[in-house]
Every structure is written in C-alpha cells, then in structure tokens.
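Please open the model in a viewer and keep the sequence panel in sight. The tour below proceeds by selection, with a short note on what each selection shows.

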Amino acid sequence: MLFSRMFMPTMKEIPKEAEVVSHRLMLKAGYIRRLSSGIYTWLPLGLKSVRKVENIIREEMNKKGAQEILMPLVQPKELWVESKRWDKYGKELLRFVDRNERELCLAPTHEEVVTDLVRREVRSYKDLPLNLYQIQTKFRDEIRPRFGVMRGREFTMKDAYSFDVDEEGAEKSYMAMFDAYTNIFKRCGLLFRAVEADTGPIGGNFSHEFMVLAETGEDIIISCDTCDYAANLEKAESAPVRKAPSTKKGVFRRVETPGMRRVDEVSSFLNTPVDRLLKTIVYNTDKGIIGVLVKGDREINETKLRNLLGLEYLDLADSVTIEETTGGPLGFTGPVGLGIPLYADRDVEFMEDFVVGGNEKDVHLVDVNPGDFSVRGYFDLKFAREGDLCPRCNGRLVSTKGIEVGHIFKLGLKYSVALNAKFLDKEGKERYIVMGCYGIGVGRTVAAAIEQGHDENGIILPMAVAPFEVDVLPVNSSHQESMELANRIYNELLERGIDAAMDDRDERPGVKFKDCDLIGIPLRVTIGEKNLKEGLAEIKLRREKDSIKVKKEEIVERVVDYVKRFK
C-alpha cells in the first residue's frame, strides 16, 4: 500500500474521554473513530490489525478441528426464556420488538442459538465431539462504555462451543482450546498469563481467563511467587493462617464508643489493630437477610458470596433494614445475639479476643471469640491480596495488572439441560450433551497489544498484528534514484510475501518518521540521498533506538530475515 493512497486520518487533539493509552493512540493513529457511545468504526489501519488477529485465530482453531459457522446477531426471546436468561441477564441485553410484535434481542453471546442448532441436528454419539466457532459482532448495552474498544457496546468476538458425550470428552475439548488460546496469544506476540476465573453470567463450573500483562490494565491478577497458581481478583483464594481455634467463651465486655462507626475510628479509639476488629455486613438477598463476617482489614468478595449461596440478588441492606434487624444503627452491627443467618470468612475461625459491634448505638464489644456467636460455616469470602499465603503451596501471593482478552468455560449441562439438547449413546439411551464455551475479544486483543507496546512516539505492535510489517521510506520523494530504489525494494518485498507499505508522499522527512512511529510499523527501511551515494540504506526496528546501515543489494533479504525472526 502506498501512503499517498492510504486513508489514514491521524489526530492532533485527542478527545478528553480517551482515558487509556490504547484509546488515545488508536484515535491519534487513525485506527478507529467514534460513532456513538461505545460504538466505533474501524478504519483501514485498525481493521488490518483486526484481520491479522482473526487469521491467527482461524488457523489455530482449525488445527484443533473446530469448524467455522456464522450465527445471527438478532435472536428471538423464546430461546432466552428457555435458558432462563431473558430476565436474569440484565439491562446489558438490548431487547426490542419488530413490526410483527415479536420480542427479540441483539446477541451479547450465542450459547442459546448454538445449542438450539445442535439439538436440532445432532442425534447420535457418532456426531460428537463437535466444536463450532464464529467471528461475529456482539452487542452489550454497557451502562458506562469506556476505554475505547476495550469496553465498547458493539464489538467483535470469536466464540466457540464444544459438544461432547461425557465429562472426559469435555475435559479434552477444554484443554484443546486452552492449548489453542496459548498458541494464539503467543503468535500475536503478547506477554500473557492464563488465570483461574469466575464464570459470571455465562455460567458453568470452571473457567480460565487469558490476561495480557500490562501496567495500564484494569484487571488484577493474583499469582503465587512459588508455584504456578494464578487467578483473577474475583476468583483468587488465599490460605488462612491456621492455628488452634480459641476455646474462650463469654469473656467479652461492653464498651462505650460514642460516634465511632467506621473501622478506622474504632481501631484508633480503642487502640486496637484493624485486623483485631470484626466487620458484620448485612445484606438483602433473594433468600432473605443475611450477615457476613470478615476481619476489619479485609473486604468481602461478593462474587464468592453469590456463588456460595447460589444467590440471584444481593444488595447491601439500608440503614432502616439494619436497625430493624439488629436493634442498633448502621456502624454498630455485630454477630453476638444477632438473629439472622451468619456466614464467616475462614480467617474468623482463628481470631481471638477481637472487637465487634454491640447492636446498639455507641456500643462495641471487646474480647469476643468465635464461641460467642453461631455461624452457618467458615468459607473463603474475602478478596485475596498481595502477601497472603498461596492456597496451593507455601508461597506468597503477588499482584499484577492485566487485560482480559480471552475466556474459556466448562459449561457442563447448563444449556443442554435448559434447552433439552440430547443425543443417543451406544446403548440407545438419551443423554444430555456436555458443553464448553470459548471466547476471544478480537478488537480488545489489538487494544491490549497497544497497552503493552507503546512509547512517547506512538504504537509499538508485534510483527504478527501490526497493520504493515515494514515501511519503505524514501526521505526525498522527488529524488529519482531514491524513488527507484524504494520502488524496487517495495515491489520485491511484496513478491516475497512481506506486508509492506511505502511512504511515497511529498512530505518532510520528520512527518514521515513521526507517522511511521505513530501507527506502529515494526520495521522501517530509510532511503536517503547521503547513504545512497555510498550504496547504503538504513533499517530500523521500531522497538530499538538505533538504526543499522545495510548495502542496498542486501536490504530485501535482511528485511525478510527480520520478519521471519520476529513474526
């Protein structure tokens, strides 16, 4: 592609809403343009990168025996009612009515549609295993779209679905996709890590997220400094510091704590460490009012709480409910004598002589022990954090930042039971199909690569996903000898299968160099009059500071070698 023919509208003034690096640079470099909130047009440069990611995905999926299909973006309400997700999915599901008064939605995901397809077509165990995938538009009506294409409302996803006769087969399909995803992100040139994750609204019983490591990432990865344990913040566990539980009971006493509601206030007032305080948090749920106990220096992980109790609704109780339930105002709630179901974090079992709310205004209880109140059990209910003990070994947990680009799930029978997707086994008996689900955010992968690779001059993309692999840049486009050499090199690179561009514009050298760096082309061949007199040209890698001089006859071979090495 010649720069003079390229639609590359770069920006100087970046909109204020562009908060993260990838959003700013994708706008500035002419990769995307905003149409509406969370909705973007992909311009030629950005779309070239997207297509390269898609091609890598297709190749690796096909290697694992997956077959590509294309399902509709518009889906009927009836399927979502069958799966019981029409009301549960929430406001992100964009619902509408067509001219025939039929209720429909724009697909945020395709589990219902693909399960419906398979239940109609698969009859026998001989038709399984099966893995179907697509690269398709999704729409989720995010309440606050942000970060450009990282969290938009309309986006492109690769989603795949596996169908097996039993759990053993489903495990093989899952690991095949784990391997495929590993290969995909390696080929994209990304530094990433696979971490254990919560299944969220998709459902299922096990999942991994693939996280691109980046300091600007919005997700927290908790991992062990000794073993290979890693999980996202919602899923991460930590081992309790185990010791013999206290046998004390009934030694607590009542103390006045006037106006002391917050943990830090009580800690300071009583001269007691924060981790010697116990918080009692009251929730409204679809199963009634409950209380959750956690140490004063920790926070409750509501995802773990929802999963533990199978909750569909969970919300903090308001001050009126708290006073009606506990007898005391907000800020003074404690477990002693509290007549609601209590669930405690695992650490609480090993606490001793701690402080709790007294369930009356301006009162706390000190020297309380676990024997002074009843709980339904001790569970992992807190957010893990750096420095905690690893749940798998004797190591310590560390925290890093990442960007989720892929997520794989073991769905089990969730959708096959809901939509009655069955097959006949070898004995002629009907059995439910065991499913898996596997997604990759395609545009998000490009944005994550930019978050991972950039500098003050612009984008630094890996060779495999950059819009072009090399930019042939004649410094002076009016210099005949320079242009002749540039054209020869450019055409030979194209013939050798190199994705090359040539900056043939009549622009100042500084403009050309800045644009090349801004749009993230990994390799630049600079042809200048001075070097040309000596039979030389320059090659520079975008990631490196200095260029090297090469004989003009060796340029093509050297470029081909660089591309093979870094792609």
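Helices (H or I, at least four residues) and strands (E, at least two) are here DSSP runs, numbered from the N terminus. This is a predicted model, in which local features need pLDDT of at least 70 and side-chain atom pairs count only at pLDDT 80 or more, while totals for chains, interfaces and linings use all residues. Residues are numbered from 1 along each chain as its sequence is written, and side-chain values use heavy atoms, with hydrogens and water left out.

**The whole chain**

Begin with the full protein in cartoon view, which contains 14 helices and 31 strands. Its C-alpha trace spans about 95 × 65 × 50 Å along the principal axes. Of the 567 residues, 53% are buried; buried means under 20% relative accessible area, exposed means over 50%, and partly exposed lies in between (1.4 Å probe, protein chains only). Accessible areas come from the Shrake-Rupley method with a 1.4 Å probe, and for residues only the protein chains shown count as cover.

**Helix 14 and the residue before it**

Select aspartate 561 and arginine 565, which form a salt bridge with the closest N and O atoms 2.9 Å apart. A salt bridge is a side-chain nitrogen of Lys or Arg within 4 Å of a carboxyl oxygen of Asp or Glu. Because the two residues are four apart in helix 14, about one helical turn separates aspartate 561 from arginine 565. Aspartate 561 is partly exposed at 36% relative accessibility, whereas arginine 565 is exposed at 51%. Now select Glu142, Arg146, Arg151, Glu218 and Arg444, which are joined into one network by salt bridges that share partners.

Return to glutamate 554, in the loop between strand 31 (548-551) and helix 14 (555-566). Glutamate 554 is partly exposed, with a relative accessible area of 36%. Add valine 122 to the selection: the two C-alpha atoms are separated by 57 Å, and the residues are 432 apart along the chain.

**Further salt bridges**

How many salt bridges does the structure hold? The count is 48. For one of them, select aspartate 179 and lysine 64, whose side chains meet at 2.5 Å, N to O. This pair links distant parts of the chain, 115 residues apart: aspartate 179 belongs to helix 5 (residues 167-187), and lysine 64 to the loop between helix 2 (44-63) and strand 3 (67-68). Aspartate 179 is partly exposed, with a relative accessible area of 32%; lysine 64 is partly exposed, also with 32%.

Move next to arginine 505 and aspartate 503, which form a salt bridge with the closest N and O atoms 2.9 Å apart. Are these partners buried or exposed? Arginine 505 is buried, with a relative accessible area of 16%, and aspartate 503 is buried, with 0%.

**Surface patches**

Switch to a surface view. Patches are made of residues with over 30% relative accessible area and no salt bridge; like charges are joined within 9 Å, and nonpolar side chains (Val, Leu, Ile, Met, Phe, Trp, Tyr) within 5 Å. Lys and Arg count as positive and Asp and Glu as negative, while His and the chain ends are not counted. The place of a charge is taken as NZ of Lys, CZ of Arg, CG of Asp or CD of Glu.

- Negative: select Asp315, Asp318, Glu323 and Glu324, which form a negative patch. Aspartate 315 is in strand 16 (residues 314-316) and is partly exposed at 39% relative accessibility.
- Positive: select Lys12, Lys28, Arg508 and Lys514, which form a positive patch. Lysine 28 is in helix 1 (residues 21-28) and is partly exposed at 32%.
- Nonpolar: select Leu413, Val417 and Tyr432, which make a nonpolar patch of about 220 Å². Leucine 413 lies in the loop between strand 21 (397-412) and helix 9 (414-418) and is partly exposed at 36%.

**Cysteines**

Finally, display the cysteine side chains. A disulfide is a covalent bond between the sulfur atoms of two cysteines; here the criterion is a pair of cysteine sulfur atoms within 2.5 Å. A search of the whole structure finds zero disulfides. Cysteine 393 is in no disulfide, and the nearest cysteine sulfur, that of cysteine 224, is 3.5 Å away. Cysteine 393 is partly exposed at 24% relative accessibility, whereas cysteine 516 is buried at 1%.
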